2 protein chains.
Amino acid sequence: MEVETVTDYQKVKVAKKIKKMFGHINPQTSIELCPIRDIMALASDKWSILIILYLGFFPVLRFNQLKKKVFGISNKVLSERLKTLERDGYLSRKAYAEVPIRVEYQLTNFGHSYLQKLLDLTEWVDTYKDIIRENRLKYGAL
Amino acid sequence: MEVETVTDYQKVKVAKKIKKMFGHINPQTSIELCPIRDIMALASDKWSILIILYLGFFPVLRFNQLKKKVFGISNKVLSERLKTLERDGYLSRKAYAEVPIRVEYQLTNFGHSYLQKLLDLTEWVDTYKDIIRENRLKYGAL
DNA sequence: CTGTATCCCCAGTGATACTG
DNA sequence: CAGTATCACTGGGGATACAG
């Protein structure tokens with residue numbers, strides 16, 4: 001299994017895209033003002049990724065369902081991530097006044113849009129995970 | 001500015017992709033054995049992203065050049081990330097036996113391949129960052 | 001059931017100094 | 001110049017108990 005070669009043409013295209021993105025951000029711009037870093041820090045967080053992926057697979061999930069699926073996450077972190085992901089608009093929270101209370105989370109359209117791009121990335125990772133494993137073994141052997 | 005609507009057809013396609021990725025991982029699978037989580041944790045780390053993006057724009061960078069560009073990163077963290085990114089195969093390190101020593105970092109073909117997908121994601125973020133800002137304001141107003 | 005509150009802990013981080 | 005070594009720190013995260 002090999003990664004297909006990235007051509008020079010593609011590299012130039014990539015460089016242009018990066019320039020467009022970062023062109024207006026000079027090196028002195030503070031961390032707080034770098035929206036990419038800020039937004040990606042949440043949206044590409046290891047827990048957020050799993051939450052979003054699961055909500056992409058199961059259209060609606062409740063708190064404890066998510067907790068079971070996102071293996072190893074604590075109440076606190078799950079609660080925080082859900083709140084922040086809701087704040088940024090990726091998902092919606094709907095509480096039903098039942099006893100006991102029922103709360104349902106689902107992706108918003110915005111969240112689905114993000115998921116599409118995220119999935120391209122995780123698919124790449126999934127495809128080439130064995131290469132990375134090999135790379136690590138080679139590196140360890142040095 | 002609006003995010004374009006994700007159709008039901010697209011959602012189904014996404015769900016299938018997720019199933020394909022996670023199908024073989026059942027909920028009991030331990031964290032260590034979840035390659036997605038492991039690999040993404042490094043490759044979508046906030047520092048790694050910036051390192052890779054800068055190396056996508058400047059084909060070759062030296063240690064201190066990177067340190068200046070990746071604003072706020074410390075010696076230790078930069079050194080660690082570079083080592084790990086090299087280990088996983090995203091970038092190559094070349095040391096020249098000069099005095100003082102010169103070390104050059106650049107993306108491998110594997111790194112360029114990853115960058116293409118990563119860039120799709122960061123472009124999405126860049127495009128919709130204002131929506132997220134609005135979402136946060138709305139949320140704060142509740 | 002869905003969280004919040006509390007406490008504790010340590011791994012990752014930043015700063016600084018130093019070496020090949 | 002390119003890192004490593006050291007150390008102090010802090011805030012994210014885990015476990016648990018509890019509340020609405």
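1. In this predicted model, chain A has an open sheet of three strands, arranged in the order β1-β3-β2 with antiparallel pairing. β1 (61-62) and β2 (91-96) of chain A are the edge strands; each has a single partner strand, so one side of each lacks a neighbour in the sheet.

2. The antiparallel pair of β2(A) and β3 (residues 102-107) of chain A is joined by six bridges. As one example of the register, A:Ser92 has A:Gln106 in β3(A) as its bridge partner. Helix α3 (residues 46-57) of chain A packs on this sheet and touches β1, β2 and β3 of chain A. The direction of helix α3 makes about 95° with that of β3(A).

3. DNA strand C has 19 residues around it, and those that come nearest are A:Arg62, A:Ser79, A:Arg93, A:Tyr105 and B:Lys76. By class, the residues of this surface are eight nonpolar, five polar and six charged.

4. Which parts of DNA strand C lie within 4 Å of the protein? Sugar or phosphate accounts for 66% of such atoms, and bases for the rest.

5. Individual polar contacts involve both phosphate and base. The side chain of A:Tyr105 places an N or O atom 2.6 Å from a phosphate oxygen of DNA strand C. For A:Lys83, the corresponding distance from a side-chain N or O atom to a phosphate oxygen is 3.1 Å. B:Lys76 has a side-chain N or O atom 3.1 Å from a base oxygen of DNA strand C. The elements giving two or more residues to the surface near DNA strand C are α4 (63-69), α5 (75-88) and β3 of chain A, along with α5 (75-88) of chain B.

Terms used: Residues numbered from 1 in each chain as written. Chains lettered and ligands numbered in written order. Predicted model: local features only at pLDDT ≥ 70, side-chain atom pairs only at ≥ 80, totals over all residues. Heavy atoms only, no water. Pairing = 2+ DSSP bridges. Helix = DSSP H or I, 4+ residues; strand = E, 2+ residues; numbered from the N terminus. Contact = heavy atoms within 4.5 Å. Axes fitted to C-alpha atoms, helices over the stretch in contact; angles between N-to-C directions. Near = heavy atom within 4 Å. Polar contact = N/O pair within 3.5 Å; in protein donor to acceptor, adjacent residues only side chain to side chain. Nonpolar A, V, L, I, M, F, W, Y, C, P; charged D, E, K, R; others polar.
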